[in-house]
Amino acid sequence: MNRNADAQAMRTGPLGWMTERLSIGTGAIDGPRIGWGHALLAAVMIALGLRGLYYGDSASVWQPIPQDMPLRTLLVYACAAIELAAGIGLLVRRATDIAAAALFAFALLWWAALKLPVAFVRPLSPFSWLGVGEIGVIVAGAWTLFAMRAGDAALGKAGWLSGARGVCGARLLCALSLPMIGLSHFAYAKETAGFVPAWIPGPYFWAYLTGAASFCASLGMLSGTWPRLAIVLESAMLSVITVLVWLPGLMAAPSNDTWTPFLMSTAIACGAWAVADGYRSVPWRTMRPLRA
């Protein structure tokens, strides 16, 4: 089989089928418009930056910079400054493009340097993949904003990172990250149930339900079955979890130990909301027909 035949097979096979569904609505992206996900991700990055500058520490298990790393303190403050600057830049129209690019690069490096290696060293640990999935959603959100702002003509040979192809790639990353989060709800059901507020009955039910919901959202995105509704519901669920699980502790005793999980959980939810921004031109009940 020659290269042209191989390419045609990819377009018409399972990969082409999935790519078609991930690309729903990418032809009508309104890049200059600031959506809810854009604004929310900017706000939480500002908050994370301020937290890092105030406490002089990284974001715990979500940003595990080794304690014995040379110049660790300098790196911590540098990361906080980048988060703060990128967040502010996303809200300043003239700086939005460069801020989106900076945030995407920063989040990608964070994910690749601090999360992926742990998963490769301990590939059978659901906790390792939970970290990959959580930060992966943030990367996907930042990638979506960057791709929508940069357009199809940007980056030359690396143009697949921007424009419609970039949005498609960000959706794929998000869809692959969500099951990693959902899996942890089953693998660590006891711990997950322990996070459910005492006044809510059936903690194990909610642990399993929210885990299953992440799998369903991923499937909806990958299959093109109501993908906008899928990611919006997932984003809303992550937001509700943040409010119910992490906000009470923060309100009771504000400290680095309570600010960090609250803001990181918020960042994950906002990453999902940013991905949802890429679907804003898609009807809520869009469902592509299967190939014959």
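Student: In the protein chain, in which helix is confidence lowest, and in which is confidence highest?
Tutor: This is a predicted model, in which local features need pLDDT of at least 70, side-chain atom pairs count only at pLDDT 80 or more, and totals for chains, interfaces and linings use all residues. Residues are numbered from 1 along each chain as its sequence is written, and side-chain values use heavy atoms, with hydrogens and water left out. On the pLDDT scale (the predictor's confidence in each residue, from 0 to 100), confidence is lowest, at a mean of 47, in helix α1 (residues 3–12), and highest, at 97, in helix α11 (residues 227–252). Helices here are DSSP runs of H or I of at least four residues, numbered from the N terminus, and the two asked for are α1 and α11.

Student: Over which residues does pLDDT stay under 50?
Tutor: The chain has a mean pLDDT of 88, with 88% of its residues reaching 70 or more. For the stretch under 50, the model has 3 contacts beyond four places in sequence, a contact being heavy atoms within 4.5 Å. That stretch is residues 1–10.

Student: How far apart are the end C-alpha atoms of residues 229–247, a span that UniProt lists as a transmembrane region?
Tutor: The unreviewed UniProt entry also places this feature at other spans, including 169–189, although such annotations may be inferred rather than shown by experiment. Residues 169–189 are 95% helix and 0% strand, with end C-alpha atoms 31 Å apart. Residues 229–247 are 100% helix and 0% strand, and their end C-alpha atoms lie apart by 26 Å.

Student: How are α11 and α12 oriented to each other?
Tutor: Their axes (lines fitted to C-alpha atoms over the stretch in contact, with angles from 0 to 180 degrees between N-to-C directions) come within 9 Å and cross at roughly 170 degrees. Angles under 35 degrees count as roughly parallel, over 145 as roughly antiparallel, 65 to 115 as roughly perpendicular and the rest as oblique. The two helices are therefore roughly antiparallel.

Student: How many charged residues does the contact of α3 with α12 have?
Tutor: Helix α3 (residues 36–55) and helix α12 (residues 256–277) pack at about 155 degrees with axes 8 Å apart, which makes them roughly antiparallel. Among the residues that meet are R51 of α3 and D277 of α12. With Ala, Val, Leu, Ile, Met, Phe, Trp, Tyr, Cys and Pro counted as nonpolar, Asp, Glu, Lys and Arg as charged, and the others, Gly among them, as polar, the contact has 14 nonpolar residues, 6 polar ones and, as charged, 2.

Student: How many charged residues does the contact of α3 with α4 have?
Tutor: The axes of α3 and helix α4 (residues 72–91) lie 7 Å apart, at an angle of about 150 degrees, so α3 is roughly antiparallel to α4. Residues of α4 in this contact include E83 and G87, while those of α3 include H38 and G49. By class there are 14 nonpolar residues, 4 polar ones and, as charged, 1.
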